[in-house]
Each structure stands twice: as C-alpha cells, then as structure tokens.
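Okay, thanks everyone, let's get going. I'll put the structure up, and then we'll walk through some helix packing, a pocket and a couple of backbone details.

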Amino acid sequence: MADGSGVDIQEDVPVSDFSKYLLDRVRQLEERNVRLKEEYRKIELEKKSVENKKVQYERENRKLTAELDRLKTPPLLVGTVVDVMANNKLVIKSSSGPKFVVNSSQFINSKDIFPGAKVALNQQSLAVIEVLPPVKDPMVLGMEVIEAPNIDYQNIGGLEDQINEIKETVELPLLKPELFEKVGIQPPKGVLLYGPPGTGKTLLAKAVAHSTKASFIRIIGSELVQKYIGEGARMVRELFELAKEKSPSIIFIDEIDSIGAKRLDSITSGDREVQRTLVQLLAEMDGFDPRGNVRILAATNRPDILDPALLRPGRFDRIIKVPMPNAEARTEILKIHARRMNLADDVNLKKIGQMTDDTSGADLSAIVMEAGMFAIRGNRDIVTNDDFTQAMQKVLGERNKNLTEMNMTVFA
Ligand SMILES: Nc1ncnc2c1ncn2[C@@H]1O[C@H](COP(=O)(O)OP(=O)(O)OP(=O)(O)O)[C@@H](O)[C@H]1O
C-alpha cells in the first residue's frame with residue numbers, strides 16, 4: 001500500500017523486523033526530504049532568474065518606448081544663451097540670427113544655463129528644452145592637449161632658478177597638497193612666465209606637466225580672439241572644464257597679452273570680444289580652487305601691457321622671469337640639442353656658446369639642427385665646426401654677418 005510519500009508500507013511484517021522496517025522507512029523519508037529540498041532550491045533559483053529577466057525586459061521596454069517618443073518629436077532648433085533673466089526667462093540668439101526672449105523648462109538645472117551655453121529650442125515656442133553638452137573636442141577648440149609630455153627638466157638648459165620656482169609653485173601643490181594644508185597657506189593660483197620669444201617658457205610648462213604626470217593643455221591667446229571670433233569666452237570656459245576632466249592637468253595660456261592687455265576706452269567690436277574673453281578668464285580664475293589638481297600657467301613677451309586685474313592676488317600672483325640665456329646657459333642648450341650628434345673634434349660648444357650673444361634657446365636649437373643639415377648635405381655623419389659656422393650664419397643672418405671672421409679668431 002502507498003502512503004502518498006511514494007514509499008510502500010509493508011503490512012504483516014514480523015515484530016522483530018518491525019524496527020528494521022521503521023529505520024528503513026525513516027531513511028527513505030529523509031532521502032526523499034533531501035531530494036525535495038534540492039528541487040525546492042532549484043525552483044527558487046529559477047523563480048529568481050525569471051524575476052530578473054522580467055525586470056530586464058521591463059527596462060528595455062521603457063527604453064524603447066522613450067526612444068520611439070524621442071524619434072517622433074519634431075526637430076529642435078539650436079540657440080545660444082545671451083542673457084539669463086528672472087522667472088526662467090532667457091534671451092536667446094537663434095542660429096539664424098535674431099534674438100528672442102524665451103521660457104526655459106523648469107526641469108533644466110539653472111546652473112547649466114549661462115551666457116554662451118548652447119541650448120535646444122522648441123520650434124514653435126522657442127522654449128529651451130535642453131542644454132546641449134559643450135563641444136569638448138580639443139582639436140575643434142584649437143587646443144593642444146598632451147597627456148604627460150615627454151619633456152623633462154633635463155631638456156632645459158640654464159633656467160635652474162626658474163625650474164626651482166616652478167617646482168615650488170606648480171609641482172609641489174600638485175604632488176604634496178597636504179604641505180600647504182598643514183602650513184595653512186594657499187598655493188599660488190596662477191604663475192606667469194615672461195620673457196623674450198624662444199627662451200623656454202613652453203618647455204618649462206611641459207616639463208612640469210611631465211614631472212607631475214599631468215595633462216598639458218595649451219591654448220594660444222591670439223587664436224582665441226582671432227580664429228574663434230565670438231567664441232573666446234566660451235572657449236575659456238571649456239578650457240577650464242576640459243582641464244578639470246583631464247586632471248591632474250596644467251593649463252598653459254600662451255600669448256596671454258592677446259586677451260589680457262590693459263583695457264582701453266576705445267570700444268570696437270574686436271575690443272569687446274577681447275574684453276569678454278578676459279572677463280571670462282578672470283571669472284574662471286576667481287572661481288577656481290587653488291588646492292585642486294589643475295594648475296594654471298601663462299606666458300607673455302609683453303608683461304608691461306598686461307591688465308593689472310590679471311596680476312592681482314588670487315590670479316597670476318607669481319611672476320617668473322625667463323631671460324635670454326647667458327653664455328653658460330647657451331652652452332648647456334647647445335649640448336642638450338647636440339647630445340645625439342656625432343661631433344668632430346674641432347667643435348667647441350663652449351666657444352659657440354660664448355660667441356652667440358643675445359641668441360635665444362630656439363635660435364640655438366635651430367643652429368644645431370642646421371649644422372646637422374650641412375653635414376647631411378656634405379654626405380657626412382660627423383658634424384664639423386665648419387657646419388656650425390655656416391649654421392650660425394644662416395640662422396643669425398645679417399646680425400652676425402661677420403661671424404666667419406670672428407670664427408677664424410675664436411677657433412684658431
Ligand atoms: N632653455 C632652453 N633649453 C633648451 N632648449 C630650449 C630652451 N629655450 C628654448 N629652447 C628650444 O626652443 C624651442 C622653443 O622654446 P619654447 O617654445 O619653450 O619658447 P617660448 O619661450 O615658449 O617661446 P614663445 O614666447 O615664442 O612662445 C624649444 O622647443 C627648444 O627646442
């Protein structure tokens with residue numbers, strides 16, 4: 001007879017065998033219990049997996065429905081915010097030209113709306129539906145971005161004092177911010193490098209980016225206002241955003257005098273554009289945390305024409321002079337650029353360094369390169385003193401037209 005558990009009950013068994021029978025029966029029931037538990041566990045697992053799938057399909061369904069709705073909506077117009085007014089009202093410049101006062105959706109975060117922001121507008125009401133992401137392609141923005149450039153301090157001739165100052169003002173706050181915290185001082189916000197063209201200002205900025213493993217982001221002041229007319233302020237904003245995204249990073253604003261010259265009263269539209277760009281730069285610097293991991297460097301050949309607002313504390317408050325190299329530095333620069341060259345015995349870089357008064361690092365580097373070219377033209381892999389003499393004449397031109405005579409004296 002069956003008892004519903006799947007186990008047969010044996011009747012008419014002798015009493016002596018009864019306990020054995022009961023033990024067997026208990027064992028059978030225990031085994032069955034284990035099997036049922038295992039089945040229960042499997043079914044529970046299956047249930048969970050089905051529930052997960054259900055959630056997944058529901059999510060997919062929501063996504064597809066939203067995508068369908070999005071595709072069904074009419075296209076939006078692109079505009080630029082010109083001014084932000086009260087009560088969610090904005091002045092917008094549409095891409096076709098005219099300006100409009102429009103409403104903005106209450107779901108848009110007011111922080112995302114500022115003059116210059118690109119927005120999508122409803123075709124009929126021109127209400128702002130969404131804020132478009134900023135264009136962050138550095139190429140589009142005309143920025144040079146190098147992740148940890150491969151220039152180190154060893155590539156810089158002379159400039160020991162400048163390197164030390166850069167280490168203290170730019171490198172230390174990036175590598176050991178806690179030092180400033182402990183002492184209770186703010187690191188300088190911005191560092192301005194000034195000096196004649198080709199003296200190594202960009203090299204210094206690249207070298208500090210290298211030593212801190214930071215991204216190097218370079219933007220050229222004159223391009224900001226000439227190449228991207230009307231976009232200067234937006235570019236400055238996006239430069240700082242990009243720097244935050246790529247942090248640790250070094251922002252290097254070359255030719256800052258193009259946007260940071262003293263503000264004059266003459267107001268042409270070009271001046272206004274430059275002023276807007278400068279105002280944006282000042283605003284970015286003011287809102288910038290000097291203890292963060294973005295450092296700002298700028299360079300100019302004309303510190304005398306800079307707007308004093310730029311040099312106020314909390315802006316470019318550390319100024320480093322990068323002078324023309326002296327004879328010793330010139331020799332070092334020549335050695336750096338000629339270190340992979342096969343030099344003939346008659347080449348004396350120290351003497352070349354001494355005779356190239358008033359010559360920048362860039363010109364010295366060009367002299368070395370030209371000397372190499374003269375050797376190549378002469379079908380040689382050894383660079384001679386004569387190659388250097390010709391290279392100096394070529395690079396330094398008229399200024400040193402009597403170099404050959406001097407050379408005869410110096411190398412005699
Ligand atoms: N001190 C230096 N040591 C080694 N090379 C140098 C030095 N100064 C300049 N050079 C050489 O000159 C080139 C140009 O230098 P760099 O771009 O740093 O000058 P800069 O001061 O930024 O010039 P600019 O004001 O024109 O932007 C460098 O790539 C390097 O080859």
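So, at what angle do H9 and H11 pack, and how far apart are their axes? Keep in mind as we go that this is a predicted model. The angle is about 45°, and the axes of H9 and H11 sit 9 Å apart. That makes H9 oblique to H11. As for handedness, H9 and H11 cross in a right-handed way.

Now stay on H11 and look at its other partner here, H12, which covers residues 385-396. For this pair the packing angle is about 130°, with 8 Å between the axes. An angle over 145 would count as roughly antiparallel; H11 and H12 are therefore oblique to each other. Again, the crossing of H11 and H12 is right-handed.

Okay, on to the pocket. H9 and H11 come back here, since both are among the elements that give two or more residues to the lining of the second largest pocket. The others are helix H4, residues 201-211, and strand S10, residues 294-300. How much space lies in this pocket? About 350 Å³. There are 23 lining residues, and if you zoom in on the centre, the closest ones are Gly-198, Thr-199, Gly-200, Lys-201 and Thr-202. By type, the lining splits into 11 polar residues, eight nonpolar and four charged.

Where does this pocket lie with respect to the domains? Domain 2, residues 139-321, and domain 3, residues 327-407, both contribute to the lining, so the second largest pocket lies between them.

Next, the enclosed space. How many cavities of 30 Å³ or more are there? The count comes to one, and the volume of that largest cavity is about 30 Å³. Its lining is made up of Pro-173, Pro-177, Phe-180, Pro-187, Pro-290, Arg-291 and Gly-292. That gives five nonpolar residues, one polar and one charged.

Last bit: two backbone spots to check if you're setting this up for anything. The peptide bond from Ser-247 to Pro-248 is cis, with omega near 0°. You'll find Pro-248 in the loop between helix H6, residues 232-245, and strand S9, residues 249-254. The other spot is Leu-126, where phi is near 60°, a positive value in a residue that isn't glycine. Leu-126 belongs to the loop between strand S4, residues 118-121, and strand S5, residues 128-131.

That's me done, over to you.

Terms used: Residues are numbered from 1 along each chain as its sequence is written. This is a predicted model: local features need pLDDT of at least 70, side-chain atom pairs count only at pLDDT 80 or more; totals for chains, interfaces and linings use all residues. Side-chain values use heavy atoms; hydrogens and water are left out. On a 1 Å grid over the protein atoms alone, a cavity is a set of points where a 1.4 Å probe fits but cannot get out, and a pocket is an open set with protein on both sides within 12 Å along at least five of seven lines; lining residues have an atom within 4 Å of a point. Grid points are joined across faces, edges and corners, and a volume is the space filled by probe spheres set on the points. Helices (H or I, at least four residues) and strands (E, at least two) are DSSP runs, numbered from the N terminus. Ala, Val, Leu, Ile, Met, Phe, Trp, Tyr, Cys and Pro count as nonpolar, Asp, Glu, Lys and Arg as charged, and the others, Gly among them, as polar. Domain bounds come from an automatic or database domain assignment. Axes are lines fitted to C-alpha atoms, for helices over the stretch in contact, and angles run from 0 to 180 degrees between N-to-C directions. Angles under 35 degrees count as roughly parallel, over 145 as roughly antiparallel, 65 to 115 as roughly perpendicular and the rest as oblique. A crossing is left-handed if the near helix is turned anticlockwise from the far one by less than a right angle, and right-handed if clockwise.
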